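Work through the following exercises with the sequence and the coordinates open beside you, and try each task before reading its solution.

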Amino acid sequence: MTINDYALWRGLHVLAIVFWIGGVAFVTTILIPALRRSGDDYALFEKLEHRFGLQAKFSTQIAMISGFMMLHLSNSWSRLADTWWLWAMIATWGIFTLMLFVLEPWLIHRLLHRKAQIDPAGTMALLQRLHYILLTLSLITVAGGVIGAHGGVWF
């Protein structure tokens, strides 16, 4: 019995996505609401989310490498021309990568820290809304990718 390379890359891809989007779901639906209910501030959110940020950075890059390898091994580059869910995967990955590696460390943390000093509750509400947008985009992409990869047709 042999294990093909494509199956290994797909397994790694799924694990990376589960780790990454599962973390986004936890932060969005459990962590932020709990912090808001307890009255804790943005500083505690930053401390708690920092560890997840490292996990997300690692997971997004594993997802990119494994996705690239699956396209390469299956010579499926032509599928990019007519498969919306592959583009949704790339766009979702791009948004998160931009957020994790550029916007958060260089801009967003400073802006939110200043806003939190003036309006802590408003800052946490804004964070929750932004995370729900990212989670919704992620879940649509995951659903589209699974359905599309298994022969389903969505518009």
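**Exercise 1.** Decide whether aspartate 41 is buried, partly exposed or exposed, and place the residue in the chain.

*Solution.* The model is a predicted one, and the relative accessible area computed for aspartate 41 is 39%. Because buried means under 20% and exposed means over 50%, this residue is classed as partly exposed. As for its place, aspartate 41 is found in the loop between α1 (5-38) and α2 (42-73). Alanine 116 is 75 residues away along the chain, yet the C-alpha atoms of aspartate 41 and alanine 116 are separated by 7.6 Å.

**Exercise 2.** Check whether the end-to-end distance of helix α4 agrees with the span expected for its 30 residues.

*Solution.* Helix α4 covers residues 120-149, and at 1.5 Å a residue its 30 residues should span 44 Å; the multiplier is one less than the number of residues. The C-alpha atoms at the two ends of α4 are 43 Å apart, which agrees with that expectation. After α4 comes glycine 151, whose phi is positive, near 90°.

**Exercise 3.** Describe the protein chain as a whole, from its secondary structure to its surface and its charges.

*Solution.* Begin with the elements: there are four helices and zero strands, in the order α-α-α-α from the N terminus on. Next, take the extent of the C-alpha trace, which spans about 55 × 35 × 25 Å along its principal axes. Of the 155 residues, 35% count as buried, while the accessible surface comes to about 9,600 Å², with 71% of it belonging to carbon and sulfur atoms. Finally, the chain carries 11 positive and 8 negative side chains, and the centres of these two sets lie 2 Å apart.

Definitions and conventions: Residues numbered from 1 in each chain as written. Predicted model: local features only at pLDDT ≥ 70, side-chain atom pairs only at ≥ 80, totals over all residues. Heavy atoms only, no water. Buried < 20%, exposed > 50% of the residue type's maximum accessible area, 1.4 Å probe, protein only. Areas by Shrake-Rupley, 256 points an atom, 1.4 Å probe, with all protein chains shown as cover. Lys, Arg positive; Asp, Glu negative; His and termini not counted. Charge placed at Lys NZ, Arg CZ, Asp CG, Glu CD.
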